Amino acid sequence: MSRVTKSPGRCDPKGQGMVEFALILPLALLLITGVLTGAYLQFQQQAINNAARAASRWASIETSLDSTNCESRVPDSIVHKVAAAANIVTVNSNALCARGGTSTRELVQAGSPSTAGVADIDVLASPDLTAPECVTVKITYVAPRLPGPWGPIIMRSESTTPTSRFTSGSTCP
């Protein structure tokens, strides 16, 4: 009876698939997680873009942007329009007129734009808030921090809309 012997230099293929799987699995999981995270961040950015457009569109048909139109507790307000259009993003619940309410050019929410997971709203009206010819809504959103070495991801969106008072000599872009 003859015995089969291994020739020198040849390896036994048993376990090779297990080693390849162990090497590829972390990379595949990292790739899948990155794609899903990137898609979700893009989804949040699109929601913020839609919210800025909806708020500037609503603000453009208002005759005046006084404290009634910017309070978050009023159903027909800029903050409410942003919250409805970007329902996957938490909107700052502070009153929009809380800081800068006496200004004739700007309505700004109180709060830090660096608060992760909360969108802050800025509204600029030209020439003033009582009779705007052009309304700009800016939304700043800091996405919740991702694990790992990445810093905060800050998303910004801006929408400018002329109002019914807009004339050809106005400065609305």
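**Exercise 1. Burial and surface.** State what share of the chain's 173 residues counts as buried, and describe the accessible surface.

*Solution.* Step 1: of the 173 residues, 35% count as buried. The model is a predicted one. Step 2: the accessible surface of the chain is about 10,800 Å². Step 3: split that surface by atom type. Carbon and sulfur atoms own 61% of it.

**Exercise 2. Element order.** Count the helices and strands, then write their order from the N terminus.

*Solution.* Step 1: the chain holds three helices and five strands. Step 2: read from the N terminus. The order is α-α-α-β-β-β-β-β. Step 3: add the contact range. Take contacts between residues at least 6 apart in sequence; 50% of these join residues at least 24 apart.

**Exercise 3. One side of a helix.** Find the buried residues named in helix H3 and decide how they sit around the axis.

*Solution.* Step 1: H3 spans residues 78-85. Step 2: Ile78, Val79 and Val82 are buried there. Step 3: these residues cover an arc of only 100° around the axis, so they lie on the same side of H3.

**Exercise 4. The largest pocket.** Give the volume of the largest pocket, list its lining and sort the lining by residue class.

*Solution.* Step 1: the volume is about 170 Å³. Step 2: the lining consists of Leu30, Thr33, Gly34, Thr37, Leu146, Pro147 and Trp150. Step 3: sort them. Four are nonpolar, three are polar and none is charged. Gly34 is part of this lining, and Gly counts as polar.

**Exercise 5. Three residues, three burial labels.** Classify Phe43, Ala125 and Thr90 as buried, partly exposed or exposed.

*Solution.* Step 1: recall the cut-offs. Buried means under 20% relative accessible area, and exposed means over 50%. Step 2: Phe43, in helix H1 (residues 16-60), has a relative accessible area of 49%, so Phe43 is partly exposed. Step 3: Ala125, in strand E3 (residues 118-126), is at 1%, so Ala125 counts as buried. Step 4: Thr90 belongs to strand E1 (residues 90-91). Its value is 47%, so Thr90 is partly exposed.

**Exercise 6. Pairs across the sequence.** For Phe43, Ala125 and Thr90, give a partner and the C-alpha separation.

*Solution.* Step 1: Phe43 pairs with Ile88, 45 residues apart along the chain; their C-alpha atoms are 9.0 Å apart. Step 2: Ala125 and Cys172 are 47 residues apart in the chain, with 9.7 Å between C-alpha atoms. Step 3: Thr90 and Ala119 are 29 residues apart, and their C-alpha atoms are separated by 6.2 Å. Step 4: check Thr90 for contacts, leaving out residues up to four places away in sequence. Thr90 touches Gly117, Val118 and Ala119. Ala119 thus appears in both steps for Thr90.

Conventions: Residues numbered from 1 in each chain as written. Predicted model: local features only at pLDDT ≥ 70, side-chain atom pairs only at ≥ 80, totals over all residues. Heavy atoms only, no water. Helix = DSSP H or I, 4+ residues; strand = E, 2+ residues; numbered from the N terminus. Buried < 20%, exposed > 50% of the residue type's maximum accessible area, 1.4 Å probe, protein only. Contact = heavy atoms within 4.5 Å. Areas by Shrake-Rupley, 256 points an atom, 1.4 Å probe, with all protein chains shown as cover. 1 Å grid on protein atoms, 1.4 Å probe; cavity = no way out; pocket = protein on both sides within 12 Å on 5 of 7 lines; lining within 4 Å. Points joined across faces, edges and corners; volume = space filled by probe spheres on them. Arc of directions from axis to C-beta.
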